[in-house]
Amino acid sequence: MTGTAWTPSARELERRRDRREISRRRVLIASVATVVIIGGLAAAVVLSPGWARVRSSFFDPDEARRSFHPILEGFWLNVRMFLIAEPIILVAGLAIALARQARSPWLLPLRGLAVVYTDVVRGVPTILLVFLFVFGVPGLKLEGLTNSIFFWATVALVVSYSAYVAEVFRAGIESVHPSQVTSAEALALTRGQSMRYVIVPQALRRVIPPLLNDFVSLQKDTALVASVSLFDSLFTARDMAAYDFNYTPYVVVACFFIVITVPLARLCDWLSRWVVRRERAGVL
């Protein structure tokens, strides 16, 4: 070996120049295509005959400023509902998924109940569950139960999304290779120990991206509580729009949800790529 530093050959330098040129060409083509498509759509909207009416009805700056703070207060209710429901959904979904994976004959009724729960709940639209819990459960007049709309709307979201999250967890558990279970049995681990120390940890890492996608949907579906007259952001916007006959508050609400959901969506993409890189590296 010599002490001289390695220098790329002329052929290698030429390859690097070609790669840079191809990269620049791709960026240029993508930029031009983006400008043309977005510009064409914007021109089609702005030059349409009814654009002036739509602009005054949906994009009124004065109406947006007036509705901003009331909608912000209502949006905080949506955020609180999301923050309360999310951890409960995680725990309930994992518990249901584990119940469906139970193999003990003593737990057969619990497994059957978990199957029925996921099938029935996923078959009912979330907005119907909100109506059923908000108006149905208080109607039972059971002692000690609250009549809070916020509480029962949150319960409806938890019930709905726990069924979907349970299926995500179950798919993650079943994606773990059977050799992992065999190895755990060879180490004299029980079924419960195998699930706790071997299967579930691997499954959790694999289902992080789809779980985040579910929580993006959950954040948006908190707006369904407006249907039961809970003063969240959407109900506030609807109230203001009906009073002023201007729909700009709806656009303001949409912007609030976009500010929350877009970063979550980008986080989902990043985590998906992270999981793929770790699997290719043999870490997972």
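**Close-up 1. Arg100 and Glu167 pair up through a salt bridge.** In this predicted model, the N-to-O distance between the two side chains is 2.8 Å. The pair ties together distant parts of the chain, with Arg100 sitting in helix α3 and Glu167 in helix α6, 67 residues apart. Buried or exposed? Both Arg100 and Glu167 are buried. The link doesn't stand alone either: Arg100, Glu167, Arg170 and Glu174 are joined in a network of salt bridges. For the wider picture, the structure holds 12 salt bridges.

**Close-up 2. Asp214 is a buried acid with no salt bridge.** Look for Asp214 in helix α9, which runs over residues 208-221. Which side chain of opposite charge is nearest? That would be Arg122, 9.9 Å away, and a salt bridge needs nitrogen and oxygen within 4 Å. Leaving aside residues up to four places away in sequence, Asp214 touches Tyr161, Tyr164, Val165 and Val168.

**Close-up 3. Arg122 has a salt bridge with Asp119.** The N and O atoms here are 3.5 Å apart. Both residues belong to helix α4 and are three residues apart, about one turn of the helix. Arg122 has a relative accessible area of 32%, so it counts as partly exposed. Asp119 is partly exposed too, at 44% relative accessibility.

**Close-up 4. Arg11 and Glu14 form a salt bridge within helix α1.** Their closest N and O atoms are 3.5 Å apart. The two residues are three apart in α1 (residues 10-46), so about one helical turn separates them. With 33% relative accessibility, Glu14 is partly exposed.

**Close-up 5. Helix α5 keeps its buried residues on one face.** Which residues of α5 (126-136) are buried? They are Thr126, Leu129, Val130, Phe133 and Val134. Seen down the helix axis, these buried residues fall within an arc of 115°, which is why they line one face. Their cover includes α4 (108-123) and α6 (149-175). Over on the other side of α5, Leu132 and Phe135 are exposed.

**Close-up 6. Four residues make a nonpolar patch on the surface.** Val54, Phe58, Phe59 and Tyr247 together build this patch of about 340 Å². Where does Phe59 sit? Phe59 is in the loop between α2 (51-58) and α3 (61-100). Its relative accessibility is 45%, so Phe59 counts as partly exposed.

Conventions. Residues numbered from 1 in each chain as written. Predicted model: local features only at pLDDT ≥ 70, side-chain atom pairs only at ≥ 80, totals over all residues. Heavy atoms only, no water. Helix = DSSP H or I, 4+ residues; strand = E, 2+ residues; numbered from the N terminus. Buried < 20%, exposed > 50% of the residue type's maximum accessible area, 1.4 Å probe, protein only. Lys, Arg positive; Asp, Glu negative; His and termini not counted. Contact = heavy atoms within 4.5 Å. Patch = residues over 30% accessible without salt bridge, like charges linked within 9 Å, V, L, I, M, F, W, Y side chains within 5 Å. Areas by Shrake-Rupley, 256 points an atom, 1.4 Å probe, with all protein chains shown as cover. Arc of directions from axis to C-beta.
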